[in-house]
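Hi,

Here is the structure I said I would pass on. Have a look at it first, and my notes follow underneath.

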Amino acid sequence: MQLLQRQQAALCLVILCLTEEQDLVKELLAMSARDRTRAIRDLPMSFEEKKHISIKSARQTLELWQGIMKEIGGKFGSSVLSYFVFLKWLLMFNIFSFLVNFGFITIPLLVYDPSPNIPPNVSFRGLELLSGAGYFTYTVMYYGGYSNATTVGQVEYDMQLAYFFTIAVYMVLCGIALIFSMASSFRQNYVLADSVSDSAWQLLCSWDFRVTNERAVRQRRNNLRVQLKESLSEKDQEELLTLSEKLRHYGVHFGSWLLSTGLAVGCGASIYYLYTENWSLSQEAETLLVPFVVSLMNLAIPLFYSLFNKFEHYSSQRRQIYTLVVRNVFLRLVILAVLCYYWMNVVAEKFSCWESMVGQALYRLVIFDFLFLMLGSFFGEFLSNVIGTRLLPSLGVPEFDVARNVLDLIYAQTLAWIGIYFSPLLPAIQILKFFLLFYLKKVSLIQNCQPPRRSGRAAQMRTIFIFLLFFPFFVGALSVVAYTAWTLSPSEQCGPFRGLNSTFTVVEVWMTDLEGLSDSQWVVWIYQHVIRSELFYFLVTLIIIVIIYIFWQVTKGRQELIRLLRQQIINVS
């Protein structure tokens, strides 16, 4: 019994220390540099603890867009802030992707062959910036611009193996990063979330009287006001409805779901019809039609979904956001499924260098998606603000649609993942796109939108966003890349895998070469008895399931222990 009490006390102390340290860092970030230094000096801590706090606060101060994030969170709340945090996270993802691809695939090729093999009659005309074709076709932007040779110099560099393993390792690292991000976010926002601290404790005990800077005081007051508003709104007030009112609400929900599903299926059918109308993919102007229509659908249909909120009734903002997310997810999945089906089954059979054609199609989708995101900010937020303030004051100032904007980001990142095989430098376009998009959305938010009238605490929403990014979008993109590598035949006239039956054949050829080397027999044995063994993947899957179950039970046990500790604190007080 005494051992259990000591364990409970230790766990409670750890949780309180982590919470206090996070709160302290947040308070320090709100101060000026002079006040922050004075506050750290006056802390009742040892020198090592002060140094740890100082380094942590300095590191967060140097983070990209830290000041802008605090401004947005203080004025619009965590629901809106979660979008910008997610955007920043995806930007870092693409920076890593670009560095990996450029370092292991593009730079070795440019060192070996610095001048692209561009025909004399091809020149840059400017339309390539939209179409991705023409001059760009013969550069390292696409799959067809890479060689299948082994560079000979001080070090031999096999371009086939480098291309395959760079893409494979990158996708594996992305999956691991997403899983760890989901686990960390779930632990922070579900396991260790303190529901008690979101009520009267915030009002009575959370103010730091060491904050003396006027700007820091004003920002801290705004943050506290928004947090209290969100905490109160999280408690759903179940309304007592009559049977007729309930039936009316259920009927409106059913009709909205039926209409949204029909619109998504209709969009997919329309895209397939456009592709099957014998449009010439070799004519640059005609290639712009499909990405234009796809981007127009991604802009107009979610705006139409948002109008359903005028008729549907939800007891909390979170349920309303999740409903919009599910509808938008289904719309994007239908569109991407139709596009991938056409690329894998039609383009791969009709064109000699089909990988580059698919890369160009993805490039156009990325460019048009960015252009229509700018139009969405104009039509969805600026015009709504003008109409609501000047023409129809009853509509009021628009709110920032978190669900629609987050799904736009997830869709854009999915395009980059699918295109990583067909256009290795596509992440460079994504970096520029996300960087500009952050400032575009920030200006549009501050100038055109108002804080949510029905605030909802969104710390847990980031976990949902990462989960959606992982499944179904990352898993779907990984499936497309894997299907391309294992099943489809590479082009015979271009690319690093020309002349092979499939992309994965390069590994089999490499294993055949290693069989003649006595020092590499262990690699061949692992490939033949582990990598190609169904039993190995069955055991790995079984072990993962067991580990997940164990951690799930540990999580439930910790949640119950935390609940009991809080109840003991209440009883003692």
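**What I found**

Leu339 sits in helix α13 (residues 317-350); helices here are DSSP runs of H or I with at least four residues, and strands are runs of E with at least two, numbered from the N terminus. Before going on, note that this is a predicted model, in which local features need pLDDT of at least 70 and side-chain atom pairs count only at pLDDT 80 or more, while totals for chains, interfaces and linings use all residues. Residues are numbered from 1 along each chain as its sequence is written, and side-chain values use heavy atoms, with hydrogens and water left out.

Back to Leu339: its relative accessibility is 0%, so it counts as buried. For that word I use under 20% relative accessible area, with exposed meaning over 50% and partly exposed in between (1.4 Å probe, protein chains only). Leu339 is 22 residues from Ala361 in sequence, and their C-alpha atoms are 9.5 Å apart in space.

Val290, in helix α12 (residues 289-307), is another buried residue, with a relative accessible area of 7%. Its C-alpha is 9.5 Å from that of Tyr272, and the two are 18 residues apart in sequence.

Now for helix α17 (residues 461-486), where Pro472 is found. Is the peptide bond from Phe471 to Pro472 cis or trans? It is cis, with omega near 15°. As background, most peptide bonds are trans. Thr463 lies in α17 too, and Thr463 is buried because its relative accessibility is 7%. What separates the C-alpha atoms of Thr463 and Ala183 in space? The answer is 8.5 Å, although their positions lie 280 residues apart along the chain.

Next, the salt bridges. The rule is a side-chain nitrogen of Lys or Arg within 4 Å of a carboxyl oxygen of Asp or Glu, and by that rule there are seven. Here are some of them:

- Lys433 pairs with Asp369, with 2.5 Å between the closest N and O atoms. This pair links distant parts of the chain, as Lys433 is in helix α16 and Asp369 in helix α14 (residues 354-391), 64 residues apart. Both Lys433 and Asp369 are buried.
- Glu128 meets Arg125 at 3.8 Å, N to O. Glu128 is buried at 0% relative accessible area, whereas Arg125 counts as exposed at 54%.
- Arg404 and Asp401 form a bridge at 3.7 Å, N to O. Arg404 and Asp401 are both buried.

Helix α16 (residues 426-448) also has a crossing to look at: its axis and that of helix α4 (residues 66-76) come within 12 Å and cross at roughly 30°. Axes are lines fitted to C-alpha atoms, for helices over the stretch in contact, and angles run from 0 to 180 degrees between N-to-C directions. α4 and α16 are therefore roughly parallel to each other (under 35 degrees; over 145 is roughly antiparallel, 65 to 115 roughly perpendicular and the rest oblique).

Last, the surface. Which residues form a nonpolar patch there? They are Leu535, Phe538, Leu539, Leu542, Ile543, Val546, Ile547, Tyr549, Ile550, Phe551 and Val554, and together they have about 1,100 Å² of accessible area. Patches take residues with over 30% relative accessible area and no salt bridge, joining nonpolar side chains (Val, Leu, Ile, Met, Phe, Trp, Tyr) within 5 Å and like charges within 9 Å. Areas come from the Shrake-Rupley method with a 1.4 Å probe, and for residues only the protein chains shown count as cover. One of the patch residues, Leu542, lies in helix α20 (residues 534-572) and is partly exposed at 43% relative accessible area.

Best wishes
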